[in-house]
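This briefing covers the aromatic pairs, the charges over rings and the nonpolar cores of one protein model. Please have the structure below open while reading.

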Amino acid sequence: ITDIRTTVFLFCLLFASTDTTASTRRTISNKSNTLLEKSFDNNSMKKIGKQTKTGISSDVIKGRKKLPEQKDVIGACMDWLNNPAKVMKWMDRFDLETMLREGGGLIRISNAFPPHVAEGILKLLEEIREEDWNVTEADRDPSTNNIVHRFWSTKQARGLPEVVRALSVLLPGRLNAFSAGKYERQNHIEPHDDRAYTDVRMDDGTMVTCSRDIAVVYYLTKDWKAEFGGELVDVETGDRYVPEFNSIVAFSVPRYHEVTAVTADRPRHSIF
């Protein structure tokens with residue numbers, strides 16, 4: 001897909017670089033942690049650094065972290081997502097650009113979020129009402145660079161902005177676009193390279209052409225098997241990536257890949 005600005009591309013996770021200078025980019029990157037912290041609400045900021053008198057967090061007993069108790073899964077997930085110190089400490093483990101450079105341009109990250117957070121995010125997606133999902137589809141049309149694709153997506157989901165904010169820590173200072181995705185039986189995307197260009201209006205009103213350079217898919221379906229379809233296939237190598245719960249597949253753009261047709265009678269959830 002090379003020019004579908006209102007369909008597939010706007011529903012893929014997009015990390016874009018603008019035509020700014022290198023010095024400007026460094027400035028943006030240096031300020032990113034401060035900006036990310038400011039994006040969290042004041043109440044969550046007050047939670048930073050809370051410890052017991054012994055200096056050991058109260059959720060650690062005899063070296064083992066306790067699972068959330070007396071709290072629903074979504075509530076525990078949202079508490080974590082709204083704690084900037086926890087989010088940035090966790091996500092800072094992943095130097096995505098270095099990992100991609102050393103991994104040949106495509107990598108998989110297992111355990112992308114703490115287990116209880118991933119459980120909460122999955123529950124949030126599962127609770128999205130059917131009427132809130134939007135079908136994204138097109139037939140093959142060489143004149144518009146369209147390829148055959150069909151899946152469901154939405155940007156209107158409880159908790160999605162908080163998940164997006166956490167994922168943005170992977171590449172601070174970059175523009176990004178995220179959606180929740182759902183693939184049902186026969187949903188798929190033909191081979192494409194994720195290349196996309198779009199004009200973005202900056203805070204000062206100027207328009208800057210931005211290009212996609214890294215794509216990320218966060219998988220959230222449990223116990224998925226290869227025979228269920230819905231695999232990401234790297235056309236360049238032939239490698240196939242079966243969706244793995246709480247994992248991220250990231251790749252440099254352009255890179256030809258496809259999503260095989262789902263054959264199971266259960267949905268495959270992701271954020272991409």
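In this predicted model, a search of the whole structure finds six aromatic pairs. One of them joins Phe-113 and Tyr-218, with 5.2 Å between ring centres and 50° between the planes, a tilted arrangement. Phe-113 also appears in the largest nonpolar core, where Leu-96, Phe-113 and Ile-271 touch the most other members.

**The pair Phe-113 and Tyr-218**

- Phe-113 sits in the loop between strand 4 (106–109) and helix 7 (115–126), and Tyr-218 belongs to strand 11 (residues 207–219), so this pair ties together parts that are 105 residues apart in sequence.
- Phe-113 has 0% relative accessibility and counts as buried.
- Tyr-218 is likewise buried, at 0% relative accessibility.
- Trp-80 joins Phe-113 and Tyr-218 in one aromatic cluster.

**The pair Phe-151 and Phe-272**

- The ring centres of Phe-151 and Phe-272 are 5.5 Å apart; their planes stand at 65°, over the 60 degrees needed for edge-to-face, so the pair is edge-to-face.
- Phe-151 is part of strand 6 (residues 149–154), while Phe-272 is in the segment after strand 16 (268–271), so the pair ties together parts that are 121 residues apart in sequence.
- Phe-151 is buried, with a relative accessible area of 0%.
- Phe-272 is buried as well, with a relative accessible area of 6%.

**Charges over rings**

- Lys-222 lies over the face of Phe-245, 5.3 Å from the ring centre.
- Arg-268 lies over the face of Tyr-183, at 4.3 Å from the ring centre.

**Nonpolar cores**

- In soluble globular proteins, nonpolar side chains tend to be buried together.
- The largest nonpolar core here has 42 residues.
- Elements that give two or more residues to this core include helix 4 (73–81), helix 5 (84–91), helix 6 (96–102) and helix 8 (160–167).
- Strand 4, strand 11 and strand 14 (247–252) are also among the elements giving two or more residues.
- Helix 7 supplies the largest share of this core, six residues.
- Leaving aside residues up to four places away in sequence, Phe-113 touches Trp-80, Leu-81, Trp-90, Met-91, Ala-118, Ile-121, Ala-166, Leu-167, Tyr-218 and Asn-246.
- Another core, of 18 residues, lies apart from the largest one; Leu-106, Ile-147, Tyr-241 and Val-259 are among its members.

Conventions:
Residues numbered from 1 in each chain as written. Predicted model: local features only at pLDDT ≥ 70, side-chain atom pairs only at ≥ 80, totals over all residues. Heavy atoms only, no water. Phe/Tyr/Trp six-rings, centres within 6.5 Å; stacked < 30°, edge-to-face > 60°. Helix = DSSP H or I, 4+ residues; strand = E, 2+ residues; numbered from the N terminus. Buried < 20%, exposed > 50% of the residue type's maximum accessible area, 1.4 Å probe, protein only. Lys NZ or Arg CZ within 6 Å of the ring centre and 35° of its normal. Core = buried A, V, L, I, M, F, W, Y, C linked by side-chain atoms within 4.5 Å. Contact = heavy atoms within 4.5 Å.
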